[in-house]
Amino acid sequence: MQDLKERPKATAAKTRSARVLQVLELIARQDGPASVQEITEQSGLPKATAYRICAMLEADGFLRREMGGRGLVAGPRLLALAHTLLGGSSHAAARHAILASAARRIGETCNLTVPDGSEMIYLDRVESEWPLRLQLPTGTRVPLHCTASGKLFLSSLSPAARKPLLASLSLERRTANTITDAQRLREALEEIRETGIGTDNEEFLDGMVAVAVPVTDSEGRLFATLAVHAPVVRMSLEQARAHVPVLQDAATQLAALSTA
């Protein structure tokens, strides 16, 4: 009899868990903030249930309200969970091998980054064998507006998602080449969106150039970036661009690995 009494409770808990996961999955698939009303309509959940779940997830840090209160986006705990899964998955060794192969073919440092709020995080990297190299270990955070990977990520966003994020950036000057004018940055992002190649022409650090390509999911959305960077004494920006096919080949392998 006790077992029979517990079954409805277990079923109810399973249903609640499934609904929470449904909301998180819906938010993860959005290309911008989603209102609770939109979540209700897309999920098919009762309005009161959707509001309750969203409020709970926001309070726990899995969701956060976008600037201006226009909708909900992934919160710090959800992003941290995603990064942990990517960084510690069973595919980590295979992913690193793909990265190492690209670095070996190019002869310069290659890195894999993922977006997190107003920054990009180094998820993995393989250093070049040159004595002169830049040390940016895994876990390093770099700004969006002056890095090849960061600008590529910004360019991939829809106008509705990109506008509030750009407005929140300080556009801090890092070098003489850093783009600190919002209009110039928007123009640069449109060019990157057309080419699909992020560039850093000594904008983040003096004497360093970089190019980046997207790593996309099954629906063609950017979830990570693959980049190569090198000191200008060894590689010009145009020379870096010549290695894009190698990066794109590796990005395709990484994308296939993530969906395997």
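# Talking through a predicted model

Colleague: Let's start with Arg241: is this residue buried, partly exposed or exposed?
Modeller: Keep in mind that we are looking at a predicted model. The relative accessible area of Arg241 comes to 29%. Buried would need under 20% and exposed over 50%, so Arg241 counts as partly exposed.

Colleague: Which residue forms a salt bridge with Arg241?
Modeller: Look inside helix 9, where the two partners are 3 residues apart, which means about one helical turn separates them. The closest N and O atoms of the pair are 3.4 Å apart. The partner is exposed, with a relative accessible area of 54%. Its name is Glu238.

Colleague: How many salt bridges does a search of the whole structure find?
Modeller: The pair Glu238 and Arg241 is a salt bridge, and so is the pair Arg125 and Glu127, at 3.1 Å from N to O. In that second pair Arg125 is buried at 8% relative accessible area, while Glu127 is partly exposed at 24%. For the whole structure, the search gives 12.

Colleague: How many residues apart in sequence are the parts that Glu190 and Arg162 tie together?
Modeller: The side chains of Glu190 and Arg162 meet in a salt bridge, with 2.9 Å from N to O. Glu190 belongs to helix 8 (residues 182-195) and Arg162 to helix 7 (residues 159-168), so this pair ties together parts whose separation in sequence is 28 residues.

Colleague: And is Arg162 buried or exposed?
Modeller: Its partner Glu190 has a relative accessible area of 37%, and is partly exposed. For Arg162 the relative accessibility is 7%. The cut-off for the inside class is under 20%, so Arg162 counts as buried.

Colleague: Now the sheet: which strands stand at its edges?
Modeller: Follow the order of this open sheet of 6 strands, which is 5-4-3-8-7-6 with antiparallel pairing. Each edge strand has a single partner strand, so one side of it is left without a neighbour in the sheet. The edges are strand 5 (141-143) and strand 6 (198-201).

Colleague: Which residue of strand 8 stands opposite Asn111?
Modeller: Strand 3 (residues 109-116) and strand 8 (residues 222-231) pair in the antiparallel sense, over 5 bridges. Opposite Asn111, in strand 8, stands Ala227.

Colleague: At about what angle does helix 5 run to strand 4?
Modeller: Helix 5 covers residues 92-106 and lies across strand 3, strand 4 (119-126) and strand 8. To strand 4, helix 5 runs at about 80°.

Colleague: Which element supplies the largest share of the largest nonpolar core?
Modeller: In soluble globular proteins, nonpolar side chains tend to be buried together. The largest core here has 32 residues, and Ile106, Cys110 and Leu247 are among those with the most contacts inside it. Several elements each supply at least two core residues, including helix 5, strand 7 (208-216) and helix 10 (244-258). The largest share, 8 residues, comes from helix 10.

Colleague: How many residues does the second, separate core have?
Modeller: In the largest core, Cys110 has contacts that include Leu99, Ala102, Val228 and Leu247. The second core is separate and includes Ala148, Leu152, Leu189 and Met208. Its residue count is 26.

Methods. Residues are numbered from 1 along each chain as its sequence is written. This is a predicted model: local features need pLDDT of at least 70, side-chain atom pairs count only at pLDDT 80 or more; totals for chains, interfaces and linings use all residues. Side-chain values use heavy atoms; hydrogens and water are left out. Two strands pair if DSSP finds at least two bridges between them. Helices (H or I, at least four residues) and strands (E, at least two) are DSSP runs, numbered from the N terminus. Contact means heavy atoms within 4.5 Å. Axes are lines fitted to C-alpha atoms, for helices over the stretch in contact, and angles run from 0 to 180 degrees between N-to-C directions. A nonpolar core is a set of buried Ala, Val, Leu, Ile, Met, Phe, Trp, Tyr and Cys residues joined through side-chain atoms within 4.5 Å. Buried means under 20% relative accessible area, exposed over 50%, partly exposed in between (1.4 Å probe, protein chains only). A salt bridge is a side-chain nitrogen of Lys or Arg within 4 Å of a carboxyl oxygen of Asp or Glu. Lists of a residue's contacts leave out its neighbours within four places in sequence.
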